[in-house]
Amino acid sequence: MTFVFPPEAPIVIPVVGLDSLYPVRRVYCVGRNYAAHAREMGFDPDRESPFFFCKPDNAVVPVAYGTILELEYPAETSNYHYEAELVAVIGKSGSNIPLEQALDHVWGYAVGLDMTRRDLQMKMREMGRPWEIGKAFDHSAPTGPIHPASAVGHFERGDIWLTVNGETKQKSDITHLIWSVAETVSYLSRFFRLEPGDVIFTGTPEGVGAVKRGDLMTVGVERLGELHVNIV
C-alpha cells in the first residue's frame, strides 16, 4: 500500500507506571457540566441534558510531569480562556452502555485543559453556528499523563483546581459534576460507539477566564497531580 503523502504518526499520551503509550482516537468534550459554570455562562443547568462537542485528536498536547508546556497564543482571538477538566479515557468498546457497566469501559484518568477562543465561540453561538472555530483549533487540549483506573480508582469526588501566576481561579470538586463520569459515558454511548483511544473531557467548574502571553497556568486534579502551561 502506498500513500499520496506520509500519514501522521498517532497522537499518544504517556501512561503513569507503564512503558506503554495510549493512542488517541477521538476527543469528546461535555459542555456546561458544572452547575456554577453553566450559570456563569448564562444558562440554567437544571433544564439541559448533557451535550457534546469534539476536538480533533491532534488538538491533544501531552504534558509530562515536571515540565512546563510552552503553549502559543492562538490566532484570531483576543479572549483566550482556560477550562480545567478531569479527563476520562476509554479502554473497552461499546454502544448503548448501561449505566451500571459504564465505568468498566473507563481505562484511566488524566488532567486536561480545554483551551477556548471564547470570543469566537460566543460569536458562533449568537449566530447559531457550530463551535469548532472556538474549540477545535490547534493545541487546544493539553493533557497530562494517564493514570490507570486500576491504580487510582474511579472519580466520584476529588478536588480540581487551576491557578494563573499563583492566583487561584478555579477550585471545585468532582462531586459537583451535573452528569457523573458513568452517566456521561453511558449517555454518550447512545450516540457514538465508544472505542479504546476515545478521550472524554468531562467539563469545567466555574471561574473560567482569559490568559495572556506570559501567564503561567497550573491545573490539577486530586490523585492525578498537576500540569504547568506557560502562554507564549
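## A walk through the model, starting at D198

Select D198 to begin: this residue is buried, with a relative accessible area of 0%. Keep in mind that you are looking at a predicted model. Now add R25 to the selection, and you will find the side chains of D198 and R25 in a salt bridge, 2.9 Å from N to O. The pair links distant parts of the chain, 173 residues apart. D198 sits in the loop between α5 (181–188) and β15 (199–201), while R25 belongs to the loop between β2 (21–23) and β3 (27–31). Unlike buried D198, R25 is partly exposed, at 34% relative accessible area.

**More charged pairs**

The structure holds 8 salt bridges in total, so there is more to click on. Try E195 with R193, whose side chains meet at 3.2 Å, N to O. E195 counts as partly exposed at 22% relative accessibility, and R193 is also partly exposed, at 44%. Salt bridges that share partners also join K55, E83, D114, R118 and K135 into one network. Next, pick K169 and E167 for a salt bridge of 3.5 Å, N to O. Here K169 is partly exposed at 33%, and E167 is partly exposed at 48%.

**A small stop at the sheet**

Select β10, β7 and β16, which form an open sheet in that order with antiparallel pairing. β10 (116–117) and β16 (209–211) stand at the edges with a single partner strand each, so one side of each is left without a neighbour in the sheet. Zoom in on β7 (residues 80–82), joined to β10 by 2 bridges. Which residue of β10 is the bridge partner of Y80? Show R117 to see that partner.

**On to helix α2**

Colour helix α2 (residues 118–126) and pick out its buried residues: R118, L120, Q121, M122 and M124. R118 is also a member of the salt-bridge network. Showing β7, β10 and α3 (132–135) reveals part of what covers the buried residues of α2. After the helix comes G128, with a positive phi near 70°.

**Last stop: H105**

Finally, select H105, in the loop between β8 (84–90) and β9 (106–113). Is H105 buried or exposed? It is buried, with a relative accessible area of 6%. Leaving out residues up to four places away in sequence, H105 touches V89, I90, G91, K92, S93, G94 and I97. For K92, display the backbone oxygen: it lies 2.9 Å from a polar atom of the H105 side chain.

How values were computed. Residues numbered from 1 in each chain as written. Predicted model: local features only at pLDDT ≥ 70, side-chain atom pairs only at ≥ 80, totals over all residues. Heavy atoms only, no water. Pairing = 2+ DSSP bridges. Helix = DSSP H or I, 4+ residues; strand = E, 2+ residues; numbered from the N terminus. Buried < 20%, exposed > 50% of the residue type's maximum accessible area, 1.4 Å probe, protein only. Contact = heavy atoms within 4.5 Å. Polar contact = N/O pair within 3.5 Å; in protein donor to acceptor, adjacent residues only side chain to side chain. Salt bridge = Lys/Arg side-chain N within 4 Å of Asp/Glu carboxyl O.
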